[in-house]
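This report is written for a reader who has not seen the structure before. Please look over the sequence and the structure first, then read on.

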Amino acid sequence: MAKKPDARPNVSKEDLLKFYREMLLIRRFEEKAGQLYGMGLIGGFCHLYIGQEAVVVGLEAATKEGDKRVTSYRDHGHMLACGMDPKGVMAELTGRIGGYSKGKGGSMHMFSKEKHFYGGHGIVGAQVPLGAGLAFADKYLGNDNVTFTYFGDGAANQGQVYETYNMAELWALPVIFVIENNGYAMGTSVKRSTKSTSLYGRGLAYGIPGEQVDGMDVLAVKAAGEKALAHCRAGKGPYILEMMTYRYRGHSMSDPAKYRTREEVEKIRSEKDCIENVRDLLTQSGLASDEELKAIDKEIKATVNEAAEFSKESPEPPLEELWTDIYA
Amino acid sequence: MATQVLMPALSPTMEEGTLAKWLVKEGDVVKSGQILAEIETDKATMEFEAVDEGTVGKLLVAEGTAGVKVNTPIAVLVEEGESVSDAVPAAAPAPAAAPVESRAEARPSVVAVVAPAPVAAASGWPHTDLPEGPTKTMTVREALREAMAEEMRADPTVFLMGEEVGEYQGAYKISQGLLDEFGAKRVVDTPITEMGFAGIATGASWGGLKPIVEFMTFNFAMQAIDHILNSAAKTLYMSGGQMGSPMVFRGPNGAAARVGAQHSQDYAAWYAAIPGLRVCMPYSAADAKGLLKSAIRDPNPVIFLENEILYGRSFEVPTDPGFVVPFGKASILREGKDVTLVSFGIGVAHSLVAADELAKEGISAEVINLRTLRPIDYDTVLASVMKTNRCVTVEEGFPVGSIGDHIASTIMQKAFDYLDAPVITCTGKDVPMPYAANLEKFALITPAEVVAAVKSVCYR
């Protein structure tokens, strides 16, 4: 049974529809990526973001042009949320010339300088100092941009995260550390990997404020993002947001899922789903009709199908591409 | 009994220093721990404390004297009732230098009190690799500093980051004075956190800056190697050419003197194996200045491998402010016809000494200084080998998978018919670096080994 959503008088219909559309795009895109993987069109590792959509959509809604983002290998959602073209992302997954990295990066290594998306990193935790470095550059250059540095509960146990916390606070870098706590580092649950009851709380040792946020609630995420951005833009240094979220799919496509029960996944899906929550808000308050939402569903489906078609039709990179982009 | 006070060794590589200032005068009574003098090494000015109690009987070296060798008697302490003459004539072997607590240098890499075995200096071969024009004499250390300062003046996005680069003035004094000129925004002291700051610098390079990361030694860069390889070297490729990492990772590499296994390793072959990196390994001050300027301007991540023992060596450097050394261009430091010595970094010093020795025996050696290991100037090496028909490579690193192995393999594939003998690769020994002085000397490549290898390939 769906959780009854609270009334949210301060949210416009336009905003809710935007969140709905963006979260749905990520979900349908990821479902399609899963299908293409099953068909052998996508190879290697493929980490789906299904379930966690509210985190990136909520935070992106709080950003301004110039803000940056960097994340781990579970990165498709972040790319779509910051406005990268689904065709270019999907074609990168299929390893085609039309992909954002001309097929040379793959699912885990994609970038868009234009959209200030700095990867897509396959080494767990490595993006954390990299994100702080982007913030270092912005502070050095004297602008008011902020960098969102996303990492998971698994990466939160890497030493370089804390090396970075120390310097980020020491130098008051404008960086928001977003811990996407989906409960599982691959197959190891948070409670099997740490005695810490909160991951954001570890920042307090370095003087970094932070908070836990319901990462399944896009409105709560956006509000937390706005608060964190205000802190950073005021020159007060970094901020930590621990997003309590959940992934419905496995760690990667080859996850046997022996570490959790089907019931656990089903329970969260039925009670907490971020897209269903917004759909309920829209319909139960009479802001949108089923027909309106169905039209959006159709439109998203068309966008994703178009991306999938593009990713199949775009040719493989020519062999000369093997030798390019090694040196600038 | 009167005690001689000896010129102390204040760093692993110090051979001599300047007695900058006496803080006591003859007739003063001193206690153990009292500061006697300020001594200036090529790395820092340090205070020198008395170990024994006594009265200063005589100051043997006037203040301001430069080039005072380690272990030279500099003063005599006498006990009550003794005269200075009791001590001064003692021409017997000087006792070992009194241990001096190194105050300024806190990390293990730079705390030591034993004078090193000096690197033999080659007689003054005219450098054939300098462009026409006036030159000035400067140390490798000064050349590195000047390169950074000039590039920082020219480009406001260039900044230096690392441990002790600012207020301490550089663990090896490379960055001395840069904080004063450029301020703390551009000369950034970091905590001891190599992985963290290597990652932050790489991110900053994506954000529009040109970081110079100083590792106190490349041994510590092992903590950061993931960012050097996975984050800096590969991003241009992984992003399909959208964004790269214009930055320099620099610092001393290879053995210094008596600092043991964890602080004495040559990483040349490691980094040279990685596509996406550029790798420089200068020998002379001119190499150091010209290559570092090229490195800072280069849009790719550059590994810049320096050598602590060479820091204090002096060379001629062009005064032309436009002087740079391009990547991928080896220099021929000495022309010869019987054998080609291919080397880089401190190996070049050994090769030049060996070439001197060989000349005395009628063997004419051509000495090639590769200067960059990625890219490598294969053309210069192959042209030389096609002329001399023999080759010996010289490097300090481990033998397995060495740069020499790669050069030898390339020569075999491209110039097999020109070879009159197999290529011999002279390297460090296949052991962790020992601490004992005799073992360390045995572990390192020496000019004598190069001479022996050359004789072997010349069938002499």
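The text below goes through the model's confidence, chain A, the contact between the chains, a sheet in chain B and a few single residues.

**Confidence**

The structure is a predicted model. Its overall scores are ipTM 0.93 and pTM 0.89. For chain B the mean pLDDT is 90, with 90% of the residues at 70 or more. Two stretches of chain B have low values. Over residues 89-106 of chain B the pLDDT stays under 50, and the model has 30 contacts beyond four places in sequence for this stretch. Residues 108-118 of chain B also have a pLDDT below 50, and the model gives that stretch 33 contacts beyond near neighbours in sequence.

**Chain A**

Eleven helices and seven strands make up the secondary structure of chain A. Along its principal axes, the C-alpha trace of chain A spans about 55 × 50 × 40 Å. A compact globule of 328 residues would have a radius of gyration near 20 Å, and the 19 Å of chain A agrees with that. Of the 328 residues in chain A, 54% count as buried. Among contacts in chain A with a separation of 6 or more, 77% are between residues 24 or more positions apart.

**The contact between the chains**

Chain A brings 32 residues to the contact and chain B brings 34 residues. On the side of chain A that touches chain B, the elements that give two or more residues are α5 (127-141) and α6 (159-170) of chain A. The most comes from α5(A), with eleven residues. By residue class, this side of chain A divides into 17 nonpolar, nine polar and six charged residues.

**A sheet in chain B**

Chain B has an open sheet of five strands in the order β17-β19-β18-β21-β22, with mixed pairing. Which strands stand at the edges? They are β17 (331-334) and β22 (424-426) of chain B; each has a single partner strand, so one side of each is left without a neighbour in the sheet. From one strand to the next the twist averages 25°.

At one of these edges, β17(B) is joined by three bridges to β19 (residues 365-369) of chain B, and the two strands run antiparallel. Here B:Ser331 stands opposite B:Asn369 in β19(B).

Two helices of chain B can be described against this sheet. Helix α9 (residues 346-360) of chain B lies across β17, β18 (339-343), β19 and β21 (391-394) of chain B, and runs at about 170° to β19(B). Helix α13(B) packs on the sheet and touches β18, β19, β21 and β22 of chain B, with its direction at about 180° to that of β22(B).

**Single residues**

Is B:Gly404 buried or exposed? B:Gly404 counts as buried because it has 24 C-beta neighbours inside 10 Å, where 20 or more is the cut-off. B:Gly404 lies in helix α11 (residues 403-415) of chain B. Leaving out residues up to four places away in sequence, B:Gly404 touches B:Thr393, B:Glu395, B:Thr425 and B:Thr427. From B:Gly404 to B:Pro275 the distance is 18 Å, C-alpha to C-alpha, and they are 129 residues apart in sequence.

Some residues have backbone features worth listing. The peptide bond that joins B:Arg374 and B:Pro375 is cis, with omega about 5°. B:Pro375 is found in the loop between β20 (372-374) and α10 (378-388) of chain B.

A positive phi in a residue other than glycine is found at A:Ala172. B:Tyr459 also has a positive phi although it is not a glycine. The table sets out both residues.

| Residue | Phi | Place | Other C-beta atoms within 10 Å |
|---|---|---|---|
| A:Ala172 | near 50° | loop between α6 and β3 (175-181) of chain A | 14 atoms |
| B:Tyr459 | about 50° | segment after α13 (447-457) of chain B | 8 atoms |

With 14 other C-beta atoms within 10 Å, A:Ala172 is partly exposed. B:Tyr459 is exposed because it has 8 other C-beta atoms within 10 Å, and a count of 12 or fewer is the cut-off for exposed.

Note on methods
Residues are numbered from 1 along each chain as its sequence is written. Chains are lettered from A and ligands numbered from 1 in the order in which they are written. This is a predicted model: local features need pLDDT of at least 70, side-chain atom pairs count only at pLDDT 80 or more; totals for chains, interfaces and linings use all residues. Two residues are in contact if their C-beta atoms, placed from the backbone, lie within 7 Å. Helices (H or I, at least four residues) and strands (E, at least two) are DSSP runs, numbered from the N terminus. Ala, Val, Leu, Ile, Met, Phe, Trp, Tyr, Cys and Pro count as nonpolar, Asp, Glu, Lys and Arg as charged, and the others, Gly among them, as polar. The radius of gyration is taken over C-alpha atoms; the globule rule is 2.2 Å times the number of residues to the power 0.38. Two strands pair if DSSP finds at least two bridges between them. Axes are lines fitted to C-alpha atoms, for helices over the stretch in contact, and angles run from 0 to 180 degrees between N-to-C directions. pLDDT is the predictor's confidence in each residue, from 0 to 100.
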